[in-house]
Number of protein chains: 2
Amino acid sequence: MDMHELTRELKVKNDSKIVMLVADGLGGLPLEPGGKTELETARTPNLDELARIGVSGGSIPVKPGITPGSGPGHLGLFGYDPLQYRIGRGALEATGIGFELGPKDVAVRGNYCTLDANGNISDRRAGRIPSEESAPLAVKLREVKIPGVEVFVEPVKEHRFVVVFRGEGLGDKVLDTDPQETGVPPHAPKAEDEASRRTAEVAAEFVKQAGELLKDQKKANGLTLRGFAARPALPTFEEVYGLKAAAIAVYPMYKGLARLVGMEIVGKAQTLAEQFEVLEKSWNDYDFFFLHFKYTDATGEDGNFDAKVKRIEELDALMPHVTKLKPTVLIVTGDHSTPSLLKSHSWHPVPTILVAKACRTDRVTTFGEDEAIHGGLGQFEAKYLMMLALANAERLGKYGA
Amino acid sequence: MDMHELTRELKVKNDSKIVMLVADGLGGLPLEPGGKTELETARTPNLDELARIGVSGGSIPVKPGITPGSGPGHLGLFGYDPLQYRIGRGALEATGIGFELGPKDVAVRGNYCTLDANGNISDRRAGRIPSEESAPLAVKLREVKIPGVEVFVEPVKEHRFVVVFRGEGLGDKVLDTDPQETGVPPHAPKAEDEASRRTAEVAAEFVKQAGELLKDQKKANGLTLRGFAARPALPTFEEVYGLKAAAIAVYPMYKGLARLVGMEIVGKAQTLAEQFEVLEKSWNDYDFFFLHFKYTDATGEDGNFDAKVKRIEELDALMPHVTKLKPTVLIVTGDHSTPSLLKSHSWHPVPTILVAKACRTDRVTTFGEDEAIHGGLGQFEAKYLMMLALANAERLGKYGA
């Protein structure tokens, strides 16, 4: 059963405030077996105090053993079953660069490639052309004109770009044109269903005109298209939870994910301190606040244990800016683990604290991986966290009489 | 969602080695409340060391409170949801005696019974006729000839046998002929669907000819048929996990279960020491090794607490033969509990250890029921263990971007 069927039915409005602070990639691993993780190493008096007065647990982002990307990781925290709701690659890529997808859009991830004299791919990534060289190409590709369709082209890093086709009757079931090998030409765009035939034609026309515009390029004289995807159909926070929700994030990806579930993007903060200022300023205008802190993930991805520890301490030091607002429910969690040891996202449960009047405090007194999973929430799937938040905010009525 | 949809999509090949050591019926109970279980009583320095460096948990074979047979118990450990995949009684019985079922087979569990002068059942188990007397009857029944169908008859213990019909167009939806009471004749085989009509006819012909062959028997002059079942359609380890898998087992049932998921049966070991020799010899040829140790279950079934303790110590003493091979992921678990106290399988979570580089070691330092459920894996459904194994072997890619 979709949990939203329950929350829709049971949701109740009140004046409570819920804050969900997501420290991206928060969970970690010790560098040596039996050692301490980044979070366990960090000096975190404020978070420890929250662990002491709150209830702790280990959040399993998707299912045991499954390592999520940012999309499924956040959908889970937002209470959207990440196995039920999937965001296509093109849509996620567009979201990641801050492109606001509309209902008539199909977003596609593009790669520049190098074609030889026979039109066969000699380099699938155009020699990993640097961003300075590839960005102007996206601007050039905006010259493509297709009747009845708006075409948007946006640069991404190195050989990557995003193209969005906006128009009527554009299905998104079109196969990738990237043949995944060299020595052959890119595939022609091919529709998998009738509703996507027009999209395949539009994509073919785009490829043709783009080929003309790029033909004099040395490296990036061709392109491939992958992950055709419409805006995913996600119900909004207002509809499923009755929450007016604000997202206070720095990076476009997380703003985009929040927008997909109907949150409003608030403020233009560039630092965590500024994010907390925005939180305070907008306190009266929303029921739910999603705050996203990126650097716990970024330092983990870099494999920089000490830097991740420092970023956690930085977060800890600023926590009084949240607690002074006395949210009805305060959650501190992460969308997945990013252990410095692995330099990548991982499947491990994410330490999580929930603080609220009736949270049933446990014996946990510090914030850390090992402590958290022995807390009152035990290990739970991330998708249930929003239900616990609503319950603790007294925003869920009784199920059945 | 079927977890195999995920593993199929995310699976990655590498050179890692996964060993899953299944001590059958490993979990137990103390003889007195507050006492120690068999495993907690046993002296297990090697397993304790694995608990110390690994992560522990309690594996729930199917769902809380559900006691599994060997079939569902192993399917769960192999990552096949035991509520989704069911092995029919006939197929499991055939598998248990080492009969290799093919795609055109319908396997049926047979019971000899005693019929009175009116053809009514007077004893449903033919006086529990001893195996020495019943085994020759199976050989006699092989004289049954049915046009277009191959008939295999194999003895099982006491009044039991297996019959397999092999031919085209044999569905397996045929009702049991055992009326479950005496004083009435066996039912005629009856098809539940059109595709099984021929099977019911074949079964009726078998019953008729068998009746002739058995008519002079004193006790076993009749038979009933139960659990008509085709070979279950299980996807293979290679297909769902990308693993080339070996099974190193002594008993036919476990070889049979392994074969059903596409494992190769390796070696002809008759003892645990020989099983470990086979493991070492075949180390380079497979990605995954299933080792099955039977005697923890058998001693539990006997209600022999001390013998089960000894068998656990025997297993412990041989563990260095596994650890010296340095598997990427080493799992020690059981398919269910078999407490000596109950003399039967039970529903209790099975103590489980997983050892791997990034397993996130917990505070558990000994191998035992109480310690295990407080470990880093908490209590989990057995069907997720393979996903954790794959994740720890770095054989699962990221889900979503």
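**Close-up 1. Lys324(A), a partly exposed residue with a relative accessible area of 45%, and its salt-bridge partner.** This is a predicted model, as are all the views that follow. Lys324(A) pairs up with Glu280(A) in a salt bridge, and the closest N and O atoms sit 3.1 Å apart. The lysine comes from the loop between α13 (320-323) and β11 of chain A, while the glutamate belongs to helix α10 (residues 272-281), so the bridge ties together parts that are 44 residues apart in sequence. Glu280(A) is partly exposed too, at 40% relative accessibility.

**Close-up 2. A salt-bridge network in chain A that takes in Lys63(A), Asp81(A), Glu381(A) and Lys383(A).** These four residues are joined through shared salt-bridge partners. Pick out the pair Lys63(A) and Glu381(A), whose side chains meet at 3.0 Å, N to O. Lys63(A) sits in the loop between β2 (55-60) and α4 (70-77), and Glu381(A) in strand β13 (residues 378-381), so this pair links parts of chain A that are 318 residues apart in sequence. Are the two partners buried or exposed? Lys63(A) is buried, with 12% relative accessible area, and Glu381(A) is buried as well, at 18%. Over all chains, the structure holds 49 salt bridges.

**Close-up 3. A salt bridge between Asp172(A) and Lys173(A).** Their side chains come together at 2.9 Å, N to O. Lys173(A) counts as partly exposed, with a relative accessibility of 40%.

**Close-up 4. Thr37(A), tucked into the loop between β1 (18-23) and α2 (38-41) of chain A.** With a relative accessible area of just 2%, this threonine is buried. What does its side chain reach at 3.0 Å? That would be the backbone nitrogen of Glu40(A). The side chain of Thr37(A) also makes a polar contact of 2.6 Å with the side chain of Glu369(A). Set aside the neighbours within four places in sequence, and Thr37(A) is in contact with Gly28(A), Leu29(A), Pro30(A), Phe305(A) and Glu369(A). Glu369(A) therefore turns up both in that contact list and as a polar partner of the buried threonine.

**Close-up 5. Helix α7 (residues 197-214) of chain A and what packs over it.** The helix has 18 residues, and at 1.5 Å a residue it should span 26 Å; its end C-alpha atoms are 26 Å apart, so the two agree. Which of its residues are buried? They are Thr199(A), Ala200(A), Val202(A), Ala203(A), Phe206(A), Gln209(A), Ala210(A) and Leu214(A). It helps to recall that an α-helix has 3.6 residues a turn, so residues three or four places apart point the same way. The cover over the buried residues of α7(A) includes strands β3 (105-115), β5 (150-155), β6 (160-166) and β7 (222-230), along with helix α6 (131-141).

**Close-up 6. Gln180(A) and Lys343(A), two loop residues of chain A with positive phi.** Gln180(A) isn't a glycine, yet its phi is near 65°. You'll find Gln180(A) in the loop between β6 and α7, where it is partly exposed, with 48% relative accessible area. Lys343(A) isn't a glycine either, and its phi is positive at about 55°. Its loop is the one between β11 (329-333) and β12 (350-355).

**Close-up 7. Ser16(B), a buried serine in the loop between α1 (3-10) and β1 (18-23) of chain B.** Its relative accessible area is 6%. Which side chains make polar contacts with that of Ser16(B)? Asn14(B) does so at 2.6 Å, and Arg395(B) at 2.7 Å. Beyond its neighbours within four places in sequence, Ser16(B) is in contact with Asp287(B), Thr328(B), Ala393(B) and Arg395(B).

**Close-up 8. A nonpolar surface patch on chain B.** Leu31(B), Leu341(B), Leu342(B) and Trp347(B) make up this patch of about 360 Å². Trp347(B) comes from the loop between β11 (329-333) and β12 (350-355). The tryptophan is partly exposed, with a relative accessible area of 39%.

**Close-up 9. Glu133(B) in helix α6 (residues 131-141) of chain B.** This glutamate is partly exposed, at 40% relative accessibility. How far is its C-alpha atom from that of Leu260(B)? The two are separated by 31 Å, with their positions 127 residues apart along the chain.

Conventions
Residues are numbered from 1 along each chain as its sequence is written. Chains are lettered from A and ligands numbered from 1 in the order in which they are written. This is a predicted model: local features need pLDDT of at least 70, side-chain atom pairs count only at pLDDT 80 or more; totals for chains, interfaces and linings use all residues. Side-chain values use heavy atoms; hydrogens and water are left out. Helices (H or I, at least four residues) and strands (E, at least two) are DSSP runs, numbered from the N terminus. Buried means under 20% relative accessible area, exposed over 50%, partly exposed in between (1.4 Å probe, protein chains only). A polar contact is a pair of N or O atoms within 3.5 Å; within protein, one must be able to donate a hydrogen and the other to accept it, and residues adjacent in sequence count only if both atoms are side-chain atoms. Contact means heavy atoms within 4.5 Å. The expected span of a helix is 1.5 Å times one less than its number of residues. Patches are made of residues with over 30% relative accessible area and no salt bridge: like charges are joined within 9 Å, nonpolar side chains (Val, Leu, Ile, Met, Phe, Trp, Tyr) within 5 Å. Accessible areas come from the Shrake-Rupley method with a 1.4 Å probe; for residues, only the protein chains shown count as cover.
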